[in-house]
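User: I'd like to go through this model with you and ask how each label was earned. Could you put it up first?

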Amino acid sequence: MKVGNCMTKDVEIASPQQTLRDAAEMMGRLDAGAMPVGENDRLVGMVTDRDIAIRGVAQGKTPDAKVREVMSTEVRYCFEDEDAEDVLRNMADLKVRRLPVLNHDKRLVGIVSLGDLATNSETATAGEALSGISQPGGEHSQTIH
């Protein structure tokens, strides 16, 4: 199965200039724990509810601090025509539960989560991915920032 067949297509994008309050409100309204951050029609980062809590609130930032101050700028992504099984293995290696999905023009076309892939017939590989993701550490660990 290709990622494009199971990803979420209607993705809202945060701006690096938005406040943490605005981003958190968007996440609450969308029932999402992560949002892509875009600027000048390009994906420039990802912000998660955990980023807001750990890099924002826990570091003394106010709700009026900017998304740019807490977002991850090294964005990992996949392409819409990649095999879901390959993407799951990559998610396990990267220790991430969500990836932005791009087309080959590098335009955001969706976001795929471990749950999207698990509910679309990739359950065995999703279980392996979750095991890898759940191991402590990794590039996106909050303790290295």
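Analyst: Happy to. A contact here means heavy atoms within 4.5 Å, and the model is a predicted one. By that cut-off, and leaving aside neighbours within four places in sequence, V3 is in contact with C78, F79, E80, E82, D83, A84, V87, V101 and V112.

User: Why is V3 called buried?

Analyst: Buried means under 20% relative accessible area. V3 has 0% relative accessibility, so V3 counts as buried. Its place in the chain is the segment before α1 (20-30).

User: How do you know that V3 and V87 are apart in sequence, and what is their distance in space?

Analyst: The two are 84 residues apart in sequence, and their C-alpha atoms are 7.8 Å apart in space. V87 also has V3 on its own contact list, together with C78, E82, L99, V112 and L117, again without residues up to four places away.

User: What makes a group of residues a nonpolar core, and which residues touch the most other members in the largest one?

Analyst: The members must be buried residues of the nonpolar kinds, joined through side-chain atoms within 4.5 Å. The largest such core has 15 residues, and V3, C78, V87, M91, L99, V112 and L117 touch the most other members. At least two residues each come from α3 (84-94), β4 (98-102) and α4 (114-118). The most come from α3, which gives five. Apart from this core lies another, of 13 residues, among them L20, A23, M27 and V70.

User: Which residues of α3 are buried?

Analyst: They are A84, V87, L88, M91, A92 and L94. A general point helps when reading such a list: an α-helix has 3.6 residues a turn, so residues three or four places apart point the same way.

User: Just after that helix comes K95. Why is K95 called partly exposed?

Analyst: The partly exposed class lies between the 20% and 50% cut-offs. K95 has 24% relative accessibility, so K95 counts as partly exposed. K95 sits in the loop between α3 and β4, and its phi is positive, about 60°, although K95 is not a glycine.

User: And what makes D41 exposed?

Analyst: Exposed means over 50%. D41 has 60% relative accessibility, so D41 belongs in the exposed class. D41 lies in the loop between β1 and β2, and its phi, near 65°, is a positive value in a residue other than glycine.

User: How do you know that β1 and β2 are paired, and in which direction do they run?

Analyst: Pairing needs at least two bridges between two strands. Six bridges join β1 (residues 34-39) to β2 (residues 42-48), so by that rule the two strands pair, and they run antiparallel. One of the partners is L43 in β2, bridged to G38. The two strands form a hairpin with two residues between them, and N40 in the turn has a positive phi of about 50°.

User: What about β3 and β4: how many bridges join them?

Analyst: Two bridges join β3 to β4, and the strands run parallel. The rule asks for at least two, so this count meets it. C78 has V101 in β4 as its bridge partner.

User: Why are β3 and β5 described as edges?

Analyst: Three strands form an open sheet in the order β3-β4-β5, with mixed pairing. β3 (78-79) and β5 each have a single partner strand, so one side of each is left without a neighbour in the sheet.

User: Back to the segment before α1, where Q17 lies. Why is Q17 not called buried or exposed?

Analyst: Q17 has a relative accessible area of 42%, so it falls between the cut-offs of 20% and 50% and is partly exposed. Its contacts, not counting residues up to four places away, are E39, K66 and R68. The C-alpha atoms of Q17 and R68 are separated by 6.5 Å, with the residues 51 apart along the chain.

User: Last one: how many helices and strands does the chain have, and how much of it is buried?

Analyst: There are five helices and five strands, in the order α-β-β-α-β-α-β-β-α-α from the N terminus. Buried residues make up 41% of the 145 residues.

Note on methods. Residues numbered from 1 in each chain as written. Predicted model: local features only at pLDDT ≥ 70, side-chain atom pairs only at ≥ 80, totals over all residues. Heavy atoms only, no water. Buried < 20%, exposed > 50% of the residue type's maximum accessible area, 1.4 Å probe, protein only. Helix = DSSP H or I, 4+ residues; strand = E, 2+ residues; numbered from the N terminus.
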